[in-house]
Amino acid sequence: MAKLIVEGGNKVKGQVDVQGAKNSALPMLSATLLTGDESVLHCCPQISDIDAAIRILRYLGCSAKMHNHTVVVDSSGMNRYDIPENLMRKMRSSVVFLGAIIARTGRAELYFPGGCELGPRPIDLHLDSLRKMGVSIDERFGCISCKVKDTLHGAKIVLPFPSVGATENIILAAVLAKGTTIIANAAREPEIIDLCDYLVRCGAEIYGAGESTIIIYGVEKLKGAVHTIIPDRIVEATLMACCAVTGGEILLKGIITSHIESIIPLFEETGCTVTIKDGNLHLVCPQRLKSFKYARTMPYPGFPTDAQAVMMSVATVAQGTTVFVENIFESRYRHVEELTRLGANIKVANKVAVVEGVDRLFGTKVSAKELRGAASLVVASLRAEGITEIEGIKFLERGYENLEVTLTELGANIRKV
Ligand code: UD1
(Lines give C-alpha, C1' and ligand atoms only; values in the text may rest on other atoms or scores of the structure.)
Protein backbone atom coordinates (compact mmCIF):
# COMPACT_ATOMS: atom_id res chain seq x y z
CA MET A 1 0.00 0.00 0.00
CA ALA A 2 1.38 3.37 -0.97
CA LYS A 3 1.92 5.91 1.76
CA LEU A 4 3.33 9.39 2.12
CA ILE A 5 6.47 10.12 4.09
CA VAL A 6 6.69 13.73 5.17
CA GLU A 7 9.45 15.47 7.02
CA GLY A 8 7.92 18.66 8.39
CA GLY A 9 9.53 22.04 8.83
CA ASN A 10 10.18 23.29 5.29
CA LYS A 11 8.37 26.42 4.20
CA VAL A 12 5.90 25.99 1.34
CA LYS A 13 6.98 28.65 -1.15
CA GLY A 14 6.43 29.29 -4.84
CA GLN A 15 3.69 29.41 -7.44
CA VAL A 16 1.11 26.89 -8.60
CA ASP A 17 -1.45 26.48 -11.36
CA VAL A 18 -4.44 25.02 -9.55
CA GLN A 19 -6.00 21.83 -10.94
CA GLY A 20 -9.52 21.77 -12.38
CA ALA A 21 -12.46 21.17 -10.03
CA LYS A 22 -13.31 17.53 -9.36
CA ASN A 23 -16.85 18.45 -8.38
CA SER A 24 -17.40 20.21 -11.71
CA ALA A 25 -15.75 17.55 -13.81
CA LEU A 26 -17.81 14.65 -12.42
CA PRO A 27 -21.34 15.94 -13.20
CA MET A 28 -20.02 17.32 -16.50
CA LEU A 29 -18.78 13.90 -17.57
CA SER A 30 -22.25 12.60 -16.79
CA ALA A 31 -23.77 15.48 -18.81
CA THR A 32 -21.79 14.44 -21.90
CA LEU A 33 -24.21 11.49 -22.11
CA LEU A 34 -27.07 13.85 -22.93
CA THR A 35 -25.57 15.03 -26.20
CA GLY A 36 -25.05 11.77 -28.11
CA ASP A 37 -22.15 13.69 -29.59
CA GLU A 38 -18.50 14.54 -28.97
CA SER A 39 -17.56 16.89 -26.13
CA VAL A 40 -14.14 18.15 -25.12
CA LEU A 41 -13.48 19.10 -21.51
CA HIS A 42 -10.25 20.96 -20.74
CA CYS A 43 -8.58 21.27 -17.32
CA CYS A 44 -9.90 17.94 -16.11
CA PRO A 45 -7.90 16.78 -13.07
CA GLN A 46 -6.04 13.47 -13.28
CA ILE A 47 -7.47 11.85 -10.15
CA SER A 48 -8.99 8.47 -9.38
CA ASP A 49 -12.59 9.76 -9.19
CA ILE A 50 -12.26 10.92 -12.80
CA ASP A 51 -10.84 7.51 -13.77
CA ALA A 52 -13.93 5.94 -12.18
CA ALA A 53 -16.26 8.27 -14.12
CA ILE A 54 -14.45 7.50 -17.37
CA ARG A 55 -14.83 3.78 -16.66
CA ILE A 56 -18.57 4.27 -16.22
CA LEU A 57 -18.82 6.17 -19.52
CA ARG A 58 -16.98 3.38 -21.33
CA TYR A 59 -19.16 0.73 -19.71
CA LEU A 60 -22.20 2.61 -21.02
CA GLY A 61 -20.81 2.32 -24.56
CA CYS A 62 -19.24 5.77 -24.93
CA SER A 63 -15.72 6.44 -26.05
CA ALA A 64 -13.82 8.45 -23.44
CA LYS A 65 -10.17 9.38 -23.72
CA MET A 66 -8.02 11.49 -21.45
CA HIS A 67 -4.91 13.15 -22.78
CA ASN A 68 -3.03 15.35 -20.32
CA HIS A 69 -5.89 17.35 -18.83
CA THR A 70 -8.30 17.10 -21.72
CA VAL A 71 -11.06 14.51 -21.83
CA VAL A 72 -12.82 13.77 -25.09
CA VAL A 73 -16.11 11.92 -24.72
CA ASP A 74 -18.16 10.67 -27.64
CA SER A 75 -21.47 9.46 -26.29
CA SER A 76 -23.02 8.54 -29.66
CA GLY A 77 -22.38 4.84 -29.02
CA MET A 78 -24.17 4.72 -25.64
CA ASN A 79 -25.94 1.36 -25.53
CA ARG A 80 -26.63 0.62 -21.86
CA TYR A 81 -28.60 2.20 -19.05
CA ASP A 82 -27.16 0.36 -16.07
CA ILE A 83 -24.13 0.86 -13.84
CA PRO A 84 -22.91 -2.29 -12.10
CA GLU A 85 -22.40 -2.38 -8.36
CA ASN A 86 -18.58 -2.49 -8.49
CA LEU A 87 -18.43 0.73 -10.54
CA MET A 88 -21.01 2.44 -8.31
CA ARG A 89 -19.02 1.58 -5.20
CA LYS A 90 -15.80 3.05 -6.57
CA MET A 91 -17.22 6.52 -6.09
CA ARG A 92 -20.27 7.73 -4.24
CA SER A 93 -20.83 10.57 -6.66
CA SER A 94 -21.53 8.05 -9.44
CA VAL A 95 -25.16 8.69 -8.47
CA VAL A 96 -24.86 11.87 -10.55
CA PHE A 97 -25.09 9.65 -13.64
CA LEU A 98 -28.71 8.88 -12.75
CA GLY A 99 -30.42 11.98 -14.17
CA ALA A 100 -28.42 11.91 -17.39
CA ILE A 101 -28.95 8.19 -18.07
CA ILE A 102 -32.71 8.55 -17.54
CA ALA A 103 -32.93 11.62 -19.77
CA ARG A 104 -30.97 9.91 -22.54
CA THR A 105 -32.53 6.42 -22.46
CA GLY A 106 -35.77 6.69 -20.48
CA ARG A 107 -34.45 4.10 -18.05
CA ALA A 108 -31.68 3.60 -15.51
CA GLU A 109 -30.49 0.82 -13.26
CA LEU A 110 -28.02 1.75 -10.57
CA TYR A 111 -26.97 0.48 -7.19
CA PHE A 112 -27.12 2.54 -4.04
CA PRO A 113 -23.74 4.16 -3.72
CA GLY A 114 -23.32 2.35 -0.41
CA GLY A 115 -21.84 3.30 2.93
CA CYS A 116 -19.87 6.48 3.00
CA GLU A 117 -16.96 7.72 5.08
CA LEU A 118 -18.89 10.87 5.99
CA GLY A 119 -21.83 9.15 7.65
CA PRO A 120 -25.17 8.37 6.02
CA ARG A 121 -25.60 9.99 2.61
CA PRO A 122 -29.13 9.25 1.47
CA ILE A 123 -30.31 10.02 -2.08
CA ASP A 124 -33.98 10.49 -1.23
CA LEU A 125 -33.98 14.06 -2.59
CA HIS A 126 -32.62 12.85 -5.94
CA LEU A 127 -35.24 10.09 -6.20
CA ASP A 128 -38.22 12.19 -5.00
CA SER A 129 -37.37 14.87 -7.54
CA LEU A 130 -37.11 12.41 -10.41
CA ARG A 131 -40.46 10.90 -9.40
CA LYS A 132 -42.00 14.37 -9.76
CA MET A 133 -40.64 14.45 -13.30
CA GLY A 134 -42.48 11.28 -14.30
CA VAL A 135 -39.97 8.58 -13.37
CA SER A 136 -41.18 5.44 -11.61
CA ILE A 137 -38.56 4.10 -9.25
CA ASP A 138 -38.30 0.69 -7.72
CA GLU A 139 -35.79 0.15 -4.92
CA ARG A 140 -35.00 -3.49 -4.14
CA PHE A 141 -31.95 -5.38 -2.88
CA GLY A 142 -29.80 -2.25 -3.07
CA CYS A 143 -30.69 -1.72 -6.73
CA ILE A 144 -32.57 1.32 -8.04
CA SER A 145 -34.57 0.64 -11.21
CA CYS A 146 -35.94 3.73 -12.89
CA LYS A 147 -38.27 3.99 -15.83
CA VAL A 148 -39.94 6.98 -17.40
CA LYS A 149 -43.67 6.20 -17.11
CA ASP A 150 -44.98 8.22 -20.01
CA THR A 151 -42.80 11.19 -20.79
CA LEU A 152 -40.02 12.78 -18.78
CA HIS A 153 -41.58 16.12 -17.95
CA GLY A 154 -40.70 19.34 -16.19
CA ALA A 155 -41.88 19.95 -12.63
CA LYS A 156 -41.71 22.47 -9.83
CA ILE A 157 -39.33 20.99 -7.26
CA VAL A 158 -38.78 22.56 -3.87
CA LEU A 159 -35.70 21.02 -2.28
CA PRO A 160 -35.93 20.78 1.52
CA PHE A 161 -32.14 21.21 1.59
CA PRO A 162 -29.96 22.67 -1.20
CA SER A 163 -28.31 19.34 -2.02
CA VAL A 164 -25.56 19.70 -4.61
CA GLY A 165 -26.02 16.22 -6.10
CA ALA A 166 -29.82 16.42 -6.18
CA THR A 167 -29.71 19.84 -7.90
CA GLU A 168 -27.34 18.39 -10.50
CA ASN A 169 -29.44 15.30 -11.12
CA ILE A 170 -32.58 17.41 -11.57
CA ILE A 171 -30.78 19.71 -14.03
CA LEU A 172 -29.42 16.74 -15.98
CA ALA A 173 -32.88 15.22 -16.29
CA ALA A 174 -34.65 18.53 -16.93
CA VAL A 175 -32.61 19.81 -19.88
CA LEU A 176 -34.13 17.13 -22.15
CA ALA A 177 -37.49 16.83 -20.35
CA LYS A 178 -40.72 18.10 -21.86
CA GLY A 179 -41.67 21.51 -20.52
CA THR A 180 -40.34 23.67 -17.73
CA THR A 181 -38.60 22.67 -14.52
CA ILE A 182 -38.26 25.06 -11.62
CA ILE A 183 -35.89 24.15 -8.80
CA ALA A 184 -36.49 26.16 -5.65
CA ASN A 185 -33.86 26.13 -2.88
CA ALA A 186 -31.34 24.87 -5.43
CA ALA A 187 -27.68 24.47 -4.47
CA ARG A 188 -25.68 27.53 -5.54
CA GLU A 189 -22.18 26.05 -5.67
CA PRO A 190 -19.84 27.32 -8.43
CA GLU A 191 -19.66 23.76 -9.74
CA ILE A 192 -23.41 23.92 -10.50
CA ILE A 193 -22.82 27.11 -12.51
CA ASP A 194 -19.97 25.39 -14.35
CA LEU A 195 -22.16 22.39 -15.19
CA CYS A 196 -24.88 24.72 -16.49
CA ASP A 197 -22.36 26.73 -18.53
CA TYR A 198 -21.32 23.52 -20.27
CA LEU A 199 -24.94 22.46 -20.82
CA VAL A 200 -25.86 25.87 -22.23
CA ARG A 201 -22.97 25.53 -24.69
CA CYS A 202 -24.54 22.22 -25.67
CA GLY A 203 -27.83 24.02 -26.40
CA ALA A 204 -29.66 23.70 -23.07
CA GLU A 205 -31.91 26.49 -21.81
CA ILE A 206 -31.07 27.12 -18.16
CA TYR A 207 -31.60 30.33 -16.20
CA GLY A 208 -30.57 31.21 -12.66
CA ALA A 209 -27.64 28.84 -12.11
CA GLY A 210 -25.82 30.05 -9.00
CA GLU A 211 -29.07 31.39 -7.56
CA SER A 212 -31.61 29.67 -5.34
CA THR A 213 -34.15 29.31 -8.12
CA ILE A 214 -33.11 27.64 -11.35
CA ILE A 215 -35.44 27.48 -14.34
CA ILE A 216 -34.86 24.96 -17.09
CA TYR A 217 -36.80 24.84 -20.33
CA GLY A 218 -36.48 21.37 -21.80
CA VAL A 219 -35.14 21.16 -25.36
CA GLU A 220 -35.46 18.38 -27.95
CA LYS A 221 -31.80 17.79 -28.51
CA LEU A 222 -28.32 18.82 -27.35
CA LYS A 223 -25.05 18.84 -29.25
CA GLY A 224 -21.50 18.35 -28.03
CA ALA A 225 -19.41 21.30 -26.81
CA VAL A 226 -15.92 22.34 -25.79
CA HIS A 227 -15.60 23.59 -22.22
CA THR A 228 -12.88 24.48 -19.72
CA ILE A 229 -13.49 23.35 -16.15
CA ILE A 230 -13.14 25.94 -13.34
CA PRO A 231 -10.24 25.72 -10.86
CA ASP A 232 -10.76 23.62 -7.74
CA ARG A 233 -11.54 25.91 -4.79
CA ILE A 234 -10.94 23.15 -2.25
CA VAL A 235 -7.49 22.42 -3.67
CA GLU A 236 -6.83 26.17 -3.41
CA ALA A 237 -7.84 26.14 0.27
CA THR A 238 -5.63 23.10 0.84
CA LEU A 239 -2.55 24.71 -0.72
CA MET A 240 -3.18 27.89 1.27
CA ALA A 241 -3.39 25.79 4.43
CA CYS A 242 -0.10 24.03 3.56
CA CYS A 243 1.51 27.42 3.12
CA ALA A 244 0.01 28.89 6.32
CA VAL A 245 1.16 26.15 8.72
CA THR A 246 4.73 26.44 7.45
CA GLY A 247 4.92 30.25 7.50
CA GLY A 248 5.42 30.21 3.74
CA GLU A 249 4.47 32.33 0.75
CA ILE A 250 2.52 31.14 -2.26
CA LEU A 251 1.06 32.44 -5.51
CA LEU A 252 -2.03 30.59 -6.74
CA LYS A 253 -2.43 31.32 -10.43
CA GLY A 254 -5.65 31.67 -12.38
CA ILE A 255 -8.13 31.39 -9.54
CA ILE A 256 -11.68 32.72 -9.30
CA THR A 257 -11.64 34.81 -6.14
CA SER A 258 -15.39 34.86 -5.57
CA HIS A 259 -15.32 31.07 -5.14
CA ILE A 260 -13.18 31.29 -2.01
CA GLU A 261 -14.66 34.41 -0.47
CA SER A 262 -15.72 32.51 2.64
CA ILE A 263 -12.20 31.06 3.09
CA ILE A 264 -9.95 34.10 2.56
CA PRO A 265 -11.11 35.97 5.73
CA LEU A 266 -10.13 32.99 7.89
CA PHE A 267 -6.55 33.17 6.60
CA GLU A 268 -6.56 36.93 7.16
CA GLU A 269 -7.67 36.38 10.77
CA THR A 270 -4.70 34.08 11.31
CA GLY A 271 -2.40 36.97 10.38
CA CYS A 272 -1.71 35.95 6.78
CA THR A 273 -1.74 38.64 4.10
CA VAL A 274 -3.85 37.90 1.05
CA THR A 275 -3.45 39.97 -2.11
CA ILE A 276 -5.42 39.31 -5.25
CA LYS A 277 -4.40 40.67 -8.61
CA ASP A 278 -5.26 39.63 -12.16
CA GLY A 279 -6.79 36.33 -11.04
CA ASN A 280 -3.74 35.39 -8.98
CA LEU A 281 -3.79 35.05 -5.20
CA HIS A 282 -0.67 35.89 -3.23
CA LEU A 283 -0.55 34.55 0.33
CA VAL A 284 2.16 35.56 2.78
CA CYS A 285 2.07 33.80 6.14
CA PRO A 286 3.58 34.73 9.50
CA GLN A 287 5.72 32.36 11.53
CA ARG A 288 3.08 32.15 14.30
CA LEU A 289 -0.59 32.05 13.33
CA LYS A 290 -3.49 33.39 15.39
CA SER A 291 -6.71 31.38 15.69
CA PHE A 292 -9.60 32.33 13.42
CA LYS A 293 -12.07 31.70 16.26
CA TYR A 294 -15.03 30.24 14.39
CA ALA A 295 -15.81 28.21 11.25
CA ARG A 296 -19.33 27.01 10.54
CA THR A 297 -19.87 24.86 7.45
CA MET A 298 -22.81 25.92 5.31
CA PRO A 299 -24.05 25.43 1.76
CA TYR A 300 -22.38 27.84 -0.71
CA PRO A 301 -21.73 30.78 -0.39
CA GLY A 302 -21.04 29.75 3.21
CA PHE A 303 -17.83 28.14 4.43
CA PRO A 304 -17.53 24.77 2.60
CA THR A 305 -17.63 21.49 4.48
CA ASP A 306 -14.92 20.24 2.10
CA ALA A 307 -12.49 22.82 3.52
CA GLN A 308 -13.30 22.07 7.17
CA ALA A 309 -10.62 19.42 7.67
CA VAL A 310 -7.72 21.36 6.13
CA MET A 311 -8.68 24.51 8.04
CA MET A 312 -8.76 22.46 11.21
CA SER A 313 -5.11 21.58 10.63
CA VAL A 314 -4.37 25.30 10.40
CA ALA A 315 -6.26 25.88 13.67
CA THR A 316 -4.26 23.16 15.46
CA VAL A 317 -1.12 25.33 15.31
CA ALA A 318 -2.77 28.75 15.63
CA GLN A 319 -2.51 30.64 18.91
CA GLY A 320 -5.87 30.54 20.71
CA THR A 321 -9.13 28.62 20.40
CA THR A 322 -11.07 27.85 17.21
CA VAL A 323 -14.58 26.39 17.20
CA PHE A 324 -15.83 24.39 14.22
CA VAL A 325 -19.48 23.56 13.62
CA GLU A 326 -20.09 20.93 10.94
CA ASN A 327 -23.63 21.44 9.62
CA ILE A 328 -23.53 19.46 6.38
CA PHE A 329 -22.37 15.93 7.18
CA GLU A 330 -22.95 13.91 10.33
CA SER A 331 -19.61 12.21 10.55
CA ARG A 332 -16.99 14.55 9.22
CA TYR A 333 -14.50 14.66 12.08
CA ARG A 334 -12.69 11.40 11.42
CA HIS A 335 -9.42 13.28 10.90
CA VAL A 336 -9.55 14.56 14.50
CA GLU A 337 -8.25 11.34 16.03
CA GLU A 338 -5.30 11.30 13.64
CA LEU A 339 -4.52 15.01 14.14
CA THR A 340 -4.53 14.31 17.88
CA ARG A 341 -1.89 11.64 17.31
CA LEU A 342 0.30 14.38 15.84
CA GLY A 343 -0.14 16.40 19.03
CA ALA A 344 -3.21 18.51 18.24
CA ASN A 345 -5.58 19.44 21.06
CA ILE A 346 -9.12 18.93 19.75
CA LYS A 347 -12.37 18.01 21.54
CA VAL A 348 -15.44 16.91 19.59
CA ALA A 349 -19.06 16.84 20.73
CA ASN A 350 -21.56 16.02 17.99
CA LYS A 351 -21.37 18.80 15.38
CA VAL A 352 -18.86 20.87 17.30
CA ALA A 353 -15.07 20.60 17.44
CA VAL A 354 -13.05 22.86 19.71
CA VAL A 355 -9.41 23.28 18.77
CA GLU A 356 -6.89 24.70 21.23
CA GLY A 357 -3.86 25.75 19.24
CA VAL A 358 -0.56 24.12 20.22
CA ASP A 359 3.00 25.31 19.59
CA ARG A 360 4.33 22.08 18.18
CA LEU A 361 3.16 18.97 16.35
CA PHE A 362 5.22 15.77 16.23
CA GLY A 363 5.42 13.33 13.33
CA THR A 364 4.13 9.79 13.74
CA LYS A 365 2.15 7.17 11.78
CA VAL A 366 -1.34 8.32 10.84
CA SER A 367 -4.03 6.89 8.66
CA ALA A 368 -6.43 8.76 6.35
CA LYS A 369 -10.07 7.69 6.42
CA GLU A 370 -11.51 9.89 3.67
CA LEU A 371 -10.51 12.42 1.00
CA ARG A 372 -10.45 15.78 2.79
CA GLY A 373 -9.32 14.20 6.05
CA ALA A 374 -6.33 12.83 4.13
CA ALA A 375 -5.53 16.37 2.94
CA SER A 376 -5.72 17.66 6.51
CA LEU A 377 -3.08 15.13 7.54
CA VAL A 378 -0.79 16.32 4.76
CA VAL A 379 -1.24 19.92 5.95
CA ALA A 380 -0.46 19.04 9.58
CA SER A 381 2.48 16.82 8.63
CA LEU A 382 4.19 19.72 6.85
CA ARG A 383 4.33 21.50 10.19
CA ALA A 384 5.05 18.47 12.41
CA GLU A 385 8.59 17.96 13.67
CA GLY A 386 10.26 14.75 12.48
CA ILE A 387 8.73 12.21 10.13
CA THR A 388 5.01 11.62 9.54
CA GLU A 389 3.87 8.51 7.69
CA ILE A 390 0.42 8.89 6.15
CA GLU A 391 -1.43 5.72 5.18
CA GLY A 392 -4.67 5.53 3.21
CA ILE A 393 -3.53 7.89 0.49
CA LYS A 394 -5.89 6.27 -2.00
CA PHE A 395 -8.42 8.66 -0.45
CA LEU A 396 -6.17 11.64 -1.19
CA GLU A 397 -5.77 10.49 -4.78
CA ARG A 398 -9.55 10.58 -5.29
CA GLY A 399 -9.38 14.37 -5.37
CA TYR A 400 -5.81 15.68 -5.49
CA GLU A 401 -3.61 15.32 -8.53
CA ASN A 402 -0.07 14.39 -7.45
CA LEU A 403 -0.24 16.61 -4.38
CA GLU A 404 3.13 15.32 -3.20
CA VAL A 405 4.75 16.42 -6.48
CA THR A 406 3.23 19.91 -6.24
CA LEU A 407 4.35 20.26 -2.64
CA THR A 408 7.86 19.02 -3.45
CA GLU A 409 8.09 21.70 -6.14
CA LEU A 410 7.04 24.19 -3.46
CA GLY A 411 9.92 23.11 -1.22
CA ALA A 412 8.25 20.56 1.06
CA ASN A 413 9.97 17.33 2.00
CA ILE A 414 7.32 14.80 1.01
CA ARG A 415 7.45 11.60 -1.01
CA LYS A 416 5.23 8.70 -1.91
CA VAL A 417 6.57 5.21 -1.23
C1 UD1 B 1 -21.31 17.34 -2.93
C2 UD1 B 1 -19.82 17.30 -3.16
C3 UD1 B 1 -19.09 17.08 -1.85
C4 UD1 B 1 -19.49 18.14 -0.84
C5 UD1 B 1 -21.01 18.21 -0.73
C6 UD1 B 1 -21.49 19.35 0.16
C7 UD1 B 1 -19.62 16.39 -5.39
C8 UD1 B 1 -19.18 15.27 -6.25
N9 UD1 B 1 -19.54 16.20 -4.07
O10 UD1 B 1 -21.71 16.08 -2.40
O11 UD1 B 1 -17.68 17.17 -2.11
O12 UD1 B 1 -18.96 17.81 0.42
O13 UD1 B 1 -21.60 18.40 -2.01
O14 UD1 B 1 -21.01 20.57 -0.31
O15 UD1 B 1 -19.97 17.45 -5.87
N16 UD1 B 1 -28.78 14.69 1.58
C17 UD1 B 1 -29.93 14.02 1.90
N18 UD1 B 1 -30.65 13.45 0.88
C19 UD1 B 1 -30.26 13.54 -0.41
C20 UD1 B 1 -29.08 14.24 -0.73
C21 UD1 B 1 -28.35 14.81 0.29
O22 UD1 B 1 -30.31 13.91 3.06
O23 UD1 B 1 -30.96 13.00 -1.29
C24 UD1 B 1 -27.96 15.29 2.66
C25 UD1 B 1 -26.61 14.60 2.78
O26 UD1 B 1 -26.69 13.43 3.56
C27 UD1 B 1 -25.75 15.66 3.40
C28 UD1 B 1 -26.32 16.95 2.82
O29 UD1 B 1 -27.63 16.62 2.33
O30 UD1 B 1 -25.93 15.65 4.80
C31 UD1 B 1 -25.49 17.55 1.71
O32 UD1 B 1 -25.37 16.64 0.66
P33 UD1 B 1 -25.19 17.08 -0.86
O34 UD1 B 1 -25.20 18.56 -0.98
O35 UD1 B 1 -26.17 16.30 -1.65
O36 UD1 B 1 -23.73 16.56 -1.15
P37 UD1 B 1 -23.24 15.69 -2.37
O38 UD1 B 1 -23.90 16.16 -3.62
O39 UD1 B 1 -23.33 14.26 -2.01
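Helices and strands are runs assigned by DSSP and numbered from the N terminus, a helix having at least four residues and a strand at least two. The structure described here is a predicted model. In that numbering, strand 20 covers 321-325, and the loop between this strand and helix 11 contains arginine 332. The relative accessibility of arginine 332 is 6%. Because a residue under 20% is classed as buried, arginine 332 belongs to the buried class. The side chain of arginine 332 is joined to that of aspartate 306 by a polar contact of 2.8 Å.

Helix 11, which follows this loop, spans residues 334-341 and packs with helix 10, residues 308-316. The two axes lie 11 Å apart, and the angle between them is about 25 degrees. Angles under 35 degrees count as roughly parallel, and helix 10 and helix 11 are therefore described in that way. Their crossing is right-handed. On the side of helix 10, the contact involves Gln308, Ala309, Met312, Ser313 and Thr316, while helix 11 contributes His335, Val336 and Leu339. Sorted by class, the residues in this contact comprise four nonpolar and four polar ones, with no charged residues.

A second helix pair is found between helix 1 (residues 22-31) and helix 2 (residues 48-59), whose axes come within 10 Å of each other and cross at roughly 0 degrees. Helix 1 is therefore also roughly parallel to its partner, helix 2. Lys22, Ala25, Leu26 and Leu29 of helix 1 are in contact with Asp49, Ile50, Ala53 and Leu57 of helix 2. Six nonpolar and two charged residues make up this contact, and no polar residues take part.

Helix 1 is mostly covered, with nine of its 10 residues buried. Lys22, Ala25, Leu26 and Leu29 are among the buried residues of helix 1, and these residues also meet helix 2. The other buried positions in helix 1 are Ser24, Pro27, Met28, Ser30 and Ala31.

Burial is also found in helix 12, which runs over residues 371-383. Here 13 of the 13 residues are buried, so helix 12 is largely enclosed by the rest of the structure. The N-terminal end of helix 12 is capped by glutamate 370. In this cap, a side-chain oxygen of glutamate 370 is 3.2 Å from the backbone nitrogen of arginine 372.

Conventions: Residues numbered from 1 in each chain as written. Predicted model: local features only at pLDDT ≥ 70, side-chain atom pairs only at ≥ 80, totals over all residues. Heavy atoms only, no water. Buried < 20%, exposed > 50% of the residue type's maximum accessible area, 1.4 Å probe, protein only. Polar contact = N/O pair within 3.5 Å; in protein donor to acceptor, adjacent residues only side chain to side chain. Axes fitted to C-alpha atoms, helices over the stretch in contact; angles between N-to-C directions. Parallel < 35°, antiparallel > 145°, perpendicular 65-115°, else oblique. Left-handed = near helix turned anticlockwise from the far one by under 90°. Contact = heavy atoms within 4.5 Å. Nonpolar A, V, L, I, M, F, W, Y, C, P; charged D, E, K, R; others polar.
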